[in-house]
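Student: I would like to take a close look at a single part of this model rather than survey the whole of it. Could you walk me through one helix and its surroundings with some care?

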Amino acid sequence: MKIHTLLAGAAFAALVGLSTAAVAADKLTVGFSQVGSESGWRAAETKVAKSEAEKRGVTLKISDAQQKQENQIKAIRSFIAQGVDAIFVAPVVATGWDSVLAEAKDAKIPVFLLDRDIDSKDKSLYMASVTSDQVEEGRIDGRWLVKQTNGKCNVVELQGTVGSSPAISRKKGFEEAIAGSPGVKIIRSQSGDFTRSGGKQVMESFIKAENGGKNICAVYSHNDDMAIGAIQAIKEAGLKPGKDILVLAIDGVPDFFKAMSEGEANATVELSPDMAGPALDALIAYKKDGTMPPKWIKTKSTIFFPDTAKAEYERRKSLY
Amino acid sequence: MTGMAPAFPAIRKALPQIGALAVVLLANWLVFPGFFDIRLQDGRLFGSVVDVFVRGAPVALLALGMTLVIATKGIDLSVGAVMAIAGAVAASMTNAGHGLPLTILAAIGVGLVCGLWNGMLVALLRIQPIVATLILMVAGRGIAQLITEGQIITFVDPALIFLAGGSFLSIPMPVVLVILMFVLTLLLVRATALGLMIEAIGVNLLSSAYSGVNTKVVLIAVYGWAGICAAVAGLVVAADIHGADANNAGLWLELDAILASVIGGTSLLGGRFNITLALLGALIIQAMNTGILLSGFRPEFNLVVKALVVLAVLLFQSPQLMGMLRVTFRRAPK
Amino acid sequence: MTETGRKAVLKASGLSKFFPGVRALDKVDFELAEGEIHALLGENGAGKSTLIKLVTGVYGRDEGTIQLAGEEVDPKDTTDAQRLGIGTVYQEVNLLPNLSVAENLFLGRQPMRFGLVDRKAMKARAKALLAEYNLHLDPAEPLSRFSVAVQQIIAIARAVDLSGRVLILDEPTASLDAGEVQVLFRIMRRLRDRGMGVVFVTHFLDQVYEVSDRITVLRNGRLVGTRETAELPRLELVSMMLGRELSAEALHRGGRREVAGEPLVSFKGFGKNRYVEPFDLEIRRGEVVGMAGLLGSGRTETAKLAFGIEQADSGEARVEGHPVKLQSPRDAIRLRFGYCPEDRKTEGIVGELSVRENIILALQARRGWLKPLPRREQEEIAGRYIKLLGIKTPDAERSIQFLSGGNQQKALLARWLATDPEFLILDEPTRGIDVGAHAEIIRLIERLCDDGLALLVISSEIEEIVSYSDRVVVLRDRRHVGSLSGDEVAMEPIMQTIAGA
């Protein structure tokens with residue numbers, strides 16, 4: 001299975017207010033079992049986790065599992081042995097966690113899942129999971145498009161890997177948002193496997209199949225990378241991305257902000273790399289007075305437009 | 001023998017592949033009537049049928065090397081990963097300000113080194129090819145990720161982008177590169193005795209060695225060539241998306257390349273090979289992919305449709321089945 | 001009761017086994033007495049392994065009966081045979097190298113305790129069992145830690161412990177050195193003295209005479225005879241195996257030459273440890289040196305050393321008096337050597353390729369890949385040899401795999417003749433070839449020799465060797481034991497040398 005980095009979304013802005021509570025806490029130690037550093041987003045998540053912990057005076061121990069569950073299990077066991085105050089896990093796969101999380105539970109160490117959920121019948125094995133609402137991400141893009149085109153638009157959709165949860169959720173959300181506008185139709189939908197070349201190849205065929213692209217008003221892509229490929233395909237067909245065909249996507253990777261700043265793309269919903277921040281806040285509140293956080297801490301999904309793209313690009317370049 | 005006589009058996013041998021390609025193209029035309037429309041866009045041929053050639057280029061390039069490897073009774077699972085490495089090297093080089101010649105040389109050099117590594121594991125240490133190349137298949141993508149630090153390295157150097165986006169006599173560059181590598185490969189194996197030695201090794205390694213064929217050198221050279229072909233494919237793919245995507249460049253393409261070779265009639269048991277037919281195999285695969293994209297089917301059907309078509313092509317090539325059909329048809333009228 | 005008064009433990013009567021087109025075993029009687037070591041001998045294809053497989057239930061028999069201690073039995077498979085009391089140990093020890101010694105000994109019948117394997121009891125029993133064989137080792141160690149000889153003894157211990165009445169050893173000494181062989185023999189004798197019947201299959205005649213009490217010889221699937229070892233002269237044994245009457249046949253034709261002059265190729269003290277003992281061998285231009293010996297005597301091994309397929313670890317090779325490097329077939333081909341191997345199918349022909357490609361392969365390999373022979377020249381060479389050697393093929397483009405054995409052999413000869421060789425090694429050039437082609441190949445050998453080639457020809461057919469050889473080298477037990485020339489090149493002296501009598 002491919003590891004994609006599109007599983008959550010949240011905004012920095014929402015966190016600033018919450019994080020002030022941190023000062024009161026004793027010096028907490030948190031162990032963070034990270035999946036690896038397979039993508040820019042993942043690296044950013046780690047980087048943000050470090051700075052967010054520092055901001056709150058929390059000691060963060062990070063263990064890189066290099067995409068292996070057994071490494072994550074080992075790391076969790078060693079965190080338990082060290083007697084940390086909490087354990088953050090970005091689980092590489094959804095199953096196989098029951099026994100090690102039970103060990104953490106026995107040791108009374110709260111566990112937070114970051115950016116991905118696990119399949120487990122026993123929800124008491126972890127305190128909360130911090131993930132984005134992927135259906136909502138699709139809805140935000142859909143709502144924007146309906147408004148932008150006054151409810152009249154032929155959309156082509158670049159799906160993620162067939163059967164993957166972000167592809168299913170983002171498709172569902174988008175379809176919900178356009179359901180009330182009969183003028184907005186998905187005329188073609190194919191999988192570009194979340195990759196740039198996949199997006200480019202699929203978009204090429206869409207353009208040809210839809211009268212040289214003249215029938216297409218917008219392309220909705222389940223991630224930014226496919227959209228970047230689609231932008232190239234649109235240009236190579238002699239059309240102007242962002243104008244002849246609107247381009248909207250989800251993720252918020254720097255290259256997409258660059259495209260937006262150059263007027264070649266129109267909108268993206270950010271998948272926030274800040275997963276650790278909300279988890280830390282929940283942990284601190286719990287340690288302070290036993291406040292139980294909600295089981296699902298949704299990170300906030302924010303849509304970005306070309307007007308702020310240049311500034312956002314500059315900010316992100318250092319982060320990624 | 002002169003004139004047409006030798007050409008006839010060659011064409012007859014290619015009939016299953018030519019037939020399969022014709023059927024797939026016809027199907028594409030049926031689902032999308034504009035399939036064969038071609039126009040010039042920015043001085044470059046543009047159209048769905050052109051897409052088949054352009055998008056088929058990476059697998060076609062891989063198939064050139066893969067066919068030789070398979071003919072030696074080997075297999076190279078690492079070519080997809082080598083593509084990713086070559087792309088990553090090219091992107092880093094060009095972003096470091098090096099010119100196109102040095103960039104290409106570095107990428108191809110890295111591909112060659114990867115291929116030689118495979119060849120040495122197979123020829124000198126006698127590790128089974130599927131295991132030997134699995135090492136680089138797994139590690140290679142990691143190496144590529146180390147070079148790109150897990151990100152997509154984008155570049156804007158027009159010279160490098162030209163390798164995929166440019167054209168020569170209106171022919172898109174990926175197609176030009178396939179033709180170039182095809183001619184080079186053909187010269188390499190058929191203008192020398194290498195082709196004979198590859199086939200001899202594939203059929204019977206021991207007999208070949210006892211006849212004085214330098215089996216080790218031939219094997220290493222063949223894997224080296226597969227590495228070079230993979231590097232060129234990696235350059236094309238990186239130039240196409242203006243970036244090196246270590247996670248996804250060439251992912252699973254080794255399997256398409258193996259399929260192209262097999263559709264092209266090269267047996268996985270080694271021996272006789274035909275790189276022209278392997279190219280046809282790559283085209284059949286891509287024509288299928290393009291057709292599926294144009295058809296508007298739901299993507300859930302992609303793999304099923306692909307599997308059915310491949311099955312049909314391979315059955316069409318099976319002498320046993322053809323023999324059975326012939327018998328059936330001959331009996332039918334009575 | 002057997003003829004010798006001992007009680008028969010295993011008695012097979014009229015055993016037959018047919019395979020499509022072949023009569024692998026034809027009404028063979030075999031009798032094993034209690035407390036005897038019984039050697040089972042015969043050349044390849046004589047039916048030894050078929051007989052063993054029928055007795056141990058690997059194959060079902062088509063005719064005949066098997067009695068064990070007087071009772072008729074019908075083993076369904078090897079496990080069934082073991083249960084009845086017949087254990088077998090093969091040359092390639094078929095134990096599991098990654099399991100422990102104890103596990104190997106008790107696999108499938110581990111001592112159990114509370115539903116689990118009782119490792120302690122198993123270890124103790126393994127230790128006791130192996131002590132009977134003077135083997136004191138830790139049974140918890142994995143089998144792969146021990147030498148082949150020790151593994152063999154462990155395999156025997158398992159087989160004896162399982163069966164206890166009949167032990168069949170199929171070429172147990174093939175990969176053992178002299179000291180290890182003696183250890184094995186001591187064990188065999190002790191088992192015999194305990195009353196077991198031991199069947200010993202081997203190619204080594206010296207070992208047969210050292211350890212066995214009786215000998216049964218098979219040939220072409222038929223029983224030749226069973227004799228007391230002490231009463232069977234070696235010479236007679238060899239003739240039983242080869243099936244030749246020892247009359248001074250008039251095969252010795254005139255015209256045997258004493259070829260004089262400097263040797264073209266000479267080997268001095270050439271050998272390889274555990275492969276072939278160091279030998280001296282000289283071959284002159286225009287001379288045919290025959291190489292005789294039983295299967296496994298070191299004939300093919302000598303050829304492979306001489307052609308650089310195996311690397312010698314002692315002695316030196318010279319061509320026209322100059323020391324030469326002989327580390328690979330490529331070295332040998334550079335010296336204008338050629339080698340037609342015994343196993344045409346796996347070491348000779350390149351099956352799927354055409355007759356033309358097979359013929360030019362060695363020549364092309366010597367030229368290097370950068371200098372391809374033009375197609376016209378290839379066709380010319382192939383056509384010339386097809387005509388010269390009378391290779392029967394519709395055309396040169398036919399796949400060689402579709403040719404008959406004799407024509408394949410001729411094509412292989414053509415492959416070497418095309419390289420213009422000076423020294424040719426032919427290993428069993430007439431094996432598996434029909435009578436007509438057989439004679440042609442022998443005439444061809446004589447003609448090549450007249451053309452000034454130096455030839456080394458290996459054959460199991462002694463008459464054949466006698467007919468074309470100027471000198472004959474005889475091998476036994478991987479040793480060159482004699483060189484015969486002049487009038488000695490005749491059936492009887494060769495047989496005697498082979499037998500070592």
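Tutor: What follows is a reading of one helix in chain C, then of a strand residue in that chain, and lastly of two points elsewhere. Please keep in mind throughout that this is a predicted model.

The helix is α6 of chain C, which runs over residues 178-193 and so has 16 residues. From its first C-alpha to its last it reaches 23 Å, a span close to the 22 Å expected at 1.5 Å a residue. Which residues of α6(C) are buried? They are Val181(C), Leu184(C), Phe185(C), Ile187(C), Met188(C), Leu191(C) and Arg192(C). Viewed down the axis of α6(C), these buried residues fall within an arc of 165°, and they therefore line one face of the helix. The spacing fits a general rule: an α-helix has 3.6 residues a turn, so residues three or four places apart point the same way. On the other side of α6(C), by contrast, Arg186(C) and Asp193(C) are exposed.

As for what lies over the buried residues of α6(C), the cover includes the strands β3 (36-41), β9 (166-170) and β10 (197-201), together with the helices α5 (148-162) and α7 (205-211), each of them in chain C. After α6(C) comes Gly195(C), whose phi is positive, near 100°.

A residue in strand β11 (214-219) of chain C, Arg214(C), also repays attention. Arg214(C) counts as buried because its relative accessible area is 6%, which is under the 20% cut-off. Its side chain has polar partners: the side chain of Arg214(C) reaches the backbone oxygen of Glu31(C) at 3.2 Å, and a polar contact of 2.8 Å joins it to the side chain of Glu36(C). Leaving aside neighbours within four places in sequence, the residues in contact with Arg214(C) include Ile37(C), His38(C) and Ala39(C), as well as Thr226(C), Arg227(C) and Glu228(C).

In chain B, Gly264(B) sits in the loop between α12 (253-263) and α13 (275-295), and at 3% relative accessibility Gly264(B) is buried. Apart from neighbours within four places in sequence, Gly264(B) is in contact with Gln17(B), Asn274(B), Leu277(B) and Ala278(B). Gly264(B) and Leu68(B) are 196 residues apart in sequence, while their C-alpha atoms are 12 Å apart in space.

Finally, chain A is divided into domain 1 (13-132 + 273-299) and domain 2 (134-270), and the centres of these two domains, taken over C-alpha atoms, are separated by 33 Å.

Definitions and conventions
Residues are numbered from 1 along each chain as its sequence is written. Chains are lettered from A and ligands numbered from 1 in the order in which they are written. This is a predicted model: local features need pLDDT of at least 70, side-chain atom pairs count only at pLDDT 80 or more; totals for chains, interfaces and linings use all residues. Side-chain values use heavy atoms; hydrogens and water are left out. Domain bounds come from an automatic or database domain assignment. Helices (H or I, at least four residues) and strands (E, at least two) are DSSP runs, numbered from the N terminus. Buried means under 20% relative accessible area, exposed over 50%, partly exposed in between (1.4 Å probe, protein chains only). Contact means heavy atoms within 4.5 Å. The expected span of a helix is 1.5 Å times one less than its number of residues. The arc is that of the directions from the helix axis to the C-beta atoms. A polar contact is a pair of N or O atoms within 3.5 Å; within protein, one must be able to donate a hydrogen and the other to accept it, and residues adjacent in sequence count only if both atoms are side-chain atoms.
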